[in-house]
Amino acid sequence: MSLTSSPLPVAAERRRGGAAAVAAAVALLALAGLCAALDGSARQLVANLGVLGLAAAGGFGCFGAARRTGGRTRRGWAALAVACWSWAAGQAAWTVYENVLAIESPYPSLADIGFLGFPVAALVGLAFLAPPGSGHATPRRVLDALLVGCAVGLVAWVTVLDPVIGTSGNSLLHAAASVAYPVADAVLLTVTVLTLAQTRDSPLRWGVLGAAVLAMAVSDATFAYQIAVGTYATGSTVEWGWRIAFCLLGIAGTLVRGGPPTEVQSSPAPRESVRAGLLPYLPLAVAAVLVALEAAGGVGLDGVEFACVAALVLLVLARQYVTMRENQELTRAIQQREVQLHHLAFHDPLTNLANRALFLDRLEHALDRAERTRQPVSVAFVDLDGFKAVNDTLGHAAGDALLVEVAGRLRGALRSADTLARLGGDEFAVLVEQGDDATTAARRLLGTLRDPFHVHGRSVAVTASIGVATVEAGQDTGTDAATRAATLLHRADVAMYAVKASGKGDVAAHTTALDGEPMDRNGRHTVRRVRPQLPEAFADALHRGDVQAIYQPVVDPVSGRISAMEVLARWTHEGEPVSPSTFIPACAAAGLSGQLTALMLEQGCAQLGLWNAGLAHRRLRIAVNVDPTEFGDSGLPDRVAGVLRRYGISPGQLALEMTEIAVNNRPANAVDVMHRLRQLGVRIALDDFGTGYSTLARLARTPVDTVKIDRSFVAHIDHDEQQRWFLRGLLDLARHLGLRTVAEGVERAGQLHELRRQGCDLVQGHFIARPATGAQLTPAVLSDLPILAPHLRGMRASETRLAAGRWFRPASEPG
């Protein structure tokens, strides 16, 4: 929950706050001038009425903010208005004593009831204005504040107030009032500091409120001391803290913009910092040391000290209880998230079918089992015909609804022993074993699609092209199950495109003849097969440096600025670009991954060195993909350090990426190599996060600091509530592990908005910025301006400039 029900642009906030600040400065100067020009009772009256008027005005500023807002925000500002007016009522009583009855104000008196009412009401107001956070966030914050307050009160009593009051012979009520001021202000100040440390919302307003509370605390503490020693005088410099505090509260109220009282879902709060967590215990330690010194000197505890110590013990116990409950709930939440992630890692979030990872896993097991049982294993590859037209005409939501309906029909046509999976887009696959005929099963699937579907009130007809591939008993033995599974799925894919080429809407079985007629996704016989000499050609290209690096920006979704660049390899062979999905596996199979990494690292660092020379900072980073086997090379850290030194790159500017699935397949010494890289200062990032749930236990022991959320978990978050919750689970898990998050595959504005709302740290995708060469990116990098349009960051177009260039403009942007 923000401090206001509708966001106020930064420039407008500053204009309104500036006007209020000017008015407050004029009032303060006028009051100071009058107090300087007058003396005696007239000066006393002006000083009393002046601070009374400022307190009332501050209350009206907060009350205006309450009237313009709703919900928790309205209650918070209303409580702050009551706090100001409570103090004003106390000041009115003080003025009556001094200027109407012409007597010295007794202490304590009715005025002190009003004065002490301020921190109580203000504490309530800040509790309503602070982001709700977790269920125990508010109790923990209040307990921390009470701990600090009691500890500060005990320290003030032991060091200052007790000696003064003891020599003056004042009453216990006098002593209690003197302690109450520093205790109440310490509580209020602690709540403000903890909120500032734990929230991203409205930093300007929270800064103004924090300054107001600090000014009030300084004046209250000085007032309590001067009253105790009998030196306080109306109109003295101690009152400047009160005057400034009420001016700041009024300014904070004017910063709140009106709007409909809507409940806004808060962004996830950042983790509590170590300093914020230690804050309550520092004054507690000081108080404990002072009490111990008194006890060592043979001085017993008086009534005030005993009460403070007893309260501190009870508060510490309560704080530990809240911490224990919070840890228990956090443990349960993590366990629930892991269960969700286990399901999500192996199931398609839209249709709830098995996904590619689970399908291939089951296919591998089926092939291993078939070697023992001598049974055939078949795969049917299903691609919908006409789905793109539905998506283009009726929209993505209708397309998703159609996929759900198709999945239901396909599932109903299969046996329970068969595995149906959605591989992505409009592609499905079926694993057929235990004696069923795959072609017969495929024709059953085709038959279920004959009747039209009813989607969003429209009748929609789609068919399918289905390719079938079978491994007979004893066929393709001698290779590992993963290779045989990928080969079988590829053969079914080839058969499916043969159906596409021959007119669609039919079933075809794979034959060896099809292997000589490879086709692309449009059914054209134009895509070249990977020739046997391709690894040799790629090795030559690496040696000549013909493999070039391009860069895709990784952007902060809040500021819109480039935070990092992912280094991507591109290769053109015989005049034609070769897809990375083709040459990267060939590179790995030929043992060339280390050379490719070295080349990309060299080119990426060279380019970053050029960018560093033109920037006034070294915040820009690059990310280089590394094959997991390379982390078993103990010489990797030294080679990386050498490249960094050669181009003058700070180690923190480099991140090495490995896939999460590869965590299970890493070499035995990989963790040691990673630790050496981390000690060097290099970051380790985990790509495709969420697709390898089985490695979560090892992930906790892997020294990574960044995770890249796989695009499959981002694909539908702008219109699929279930996937939004799954995404939140991934982000929460990453935060609990202390990891920075990057979302891949951002293709639409709705996805970007949802990722920003859920607090994802960085985003990447074609909607944000397409990959480009270093030369193309240089103008935007060196301008150091946002590359996201203002409305994509929740801002108005007139309030910020964009970096120059067209390479980063989303498709949704004009011109």
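**View 1. Helix α14 of the predicted model, with its length and its buried residues**. Helix α14 covers residues 396-412, and at 1.5 Å a residue its 17 residues should span 24 Å; the end C-alpha atoms are 25 Å apart, which agrees with that expectation. The buried residues of α14 are Ala398, Gly399, Asp400, Leu402, Leu403, Val406, Ala407 and Leu410. In reading such a list it helps to recall that an α-helix has 3.6 residues a turn, so residues three or four places apart point the same way.

**View 2. Helix α4 and the annotated transmembrane regions**. An unreviewed UniProt entry lists residues 47-66, 78-97, 109-130, 142-160, 172-194, 206-228, 240-258 and 278-297 under "transmembrane region". Of the span 109-130, 91% is helix and 0% is strand in the model, and its end C-alpha atoms lie 33 Å apart. For helix α4 itself, residues 110-129, a rise of 1.5 Å a residue over 20 residues should give 28 Å, and the 29 Å between its end C-alpha atoms agrees. Buried residues in α4 include Asp112, Phe115, Phe118, Pro119, Leu126 and Leu129, together with Gly114, Gly117 and Gly125. Another of the annotated spans, residues 78-97, is 100% helix and 0% strand in the model, with 29 Å between its end C-alpha atoms.

**View 3. The largest cavity and the residues that line it**. The structure holds six cavities of 30 Å³ or more, and the largest of them has a volume of about 130 Å³. Its lining is made up of 15 residues, of which Ala564, Ala623, Glu657, Thr706 and Val742 are the closest to the cavity centre. By class, the lining has eight nonpolar, two polar and five charged residues. At least two lining residues are supplied by each of the strands β9 (562-573), β11 (621-625), β12 (654-659), β13 (683-689) and β14 (706-709), and the largest share, three residues, comes from β11.

**View 4. Strands β11 and β12, which both contribute to the lining of the largest cavity**. The two strands run parallel and are joined by four bridges, one partnership being that of Ile622 with Leu654 in β12. Five of the six residues of β12 are buried, so this strand is largely enclosed by the rest of the structure. As background to such a view, the side chains in a regular strand alternate between the two faces of the sheet.

**View 5. Glu433 in the loop between β3 and α15**. Glu433 is placed after β3 (427-432) and before α15 (438-448), and because its relative accessibility is 10%, it counts as buried. Val379 is 54 residues away from Glu433 along the chain, yet the C-alpha atoms of the two are separated by 8.7 Å.

**View 6. Asn352 and Lys504, two loop residues with positive phi**. Most residues other than glycine have a negative phi, and most peptide bonds are trans. Asn352, although not a glycine, has a positive phi of about 65°; this residue sits in the loop between α11 (303-345) and α12 (356-373), where a relative accessibility of 43% makes it partly exposed. Lys504, likewise not a glycine, has a positive phi of about 70° and lies in the loop between α16 (481-501) and β7 (507-509). With a relative accessibility of 47%, Lys504 also counts as partly exposed.

Notes: Residues numbered from 1 in each chain as written. Predicted model: local features only at pLDDT ≥ 70, side-chain atom pairs only at ≥ 80, totals over all residues. Heavy atoms only, no water. 1 Å grid on protein atoms, 1.4 Å probe; cavity = no way out; pocket = protein on both sides within 12 Å on 5 of 7 lines; lining within 4 Å. Points joined across faces, edges and corners; volume = space filled by probe spheres on them. Nonpolar A, V, L, I, M, F, W, Y, C, P; charged D, E, K, R; others polar. UniProt positions renumbered as here; feature names shortened; annotations may be inferred. Expected span 1.5 Å × (residues − 1). Buried < 20%, exposed > 50% of the residue type's maximum accessible area, 1.4 Å probe, protein only. Pairing = 2+ DSSP bridges.
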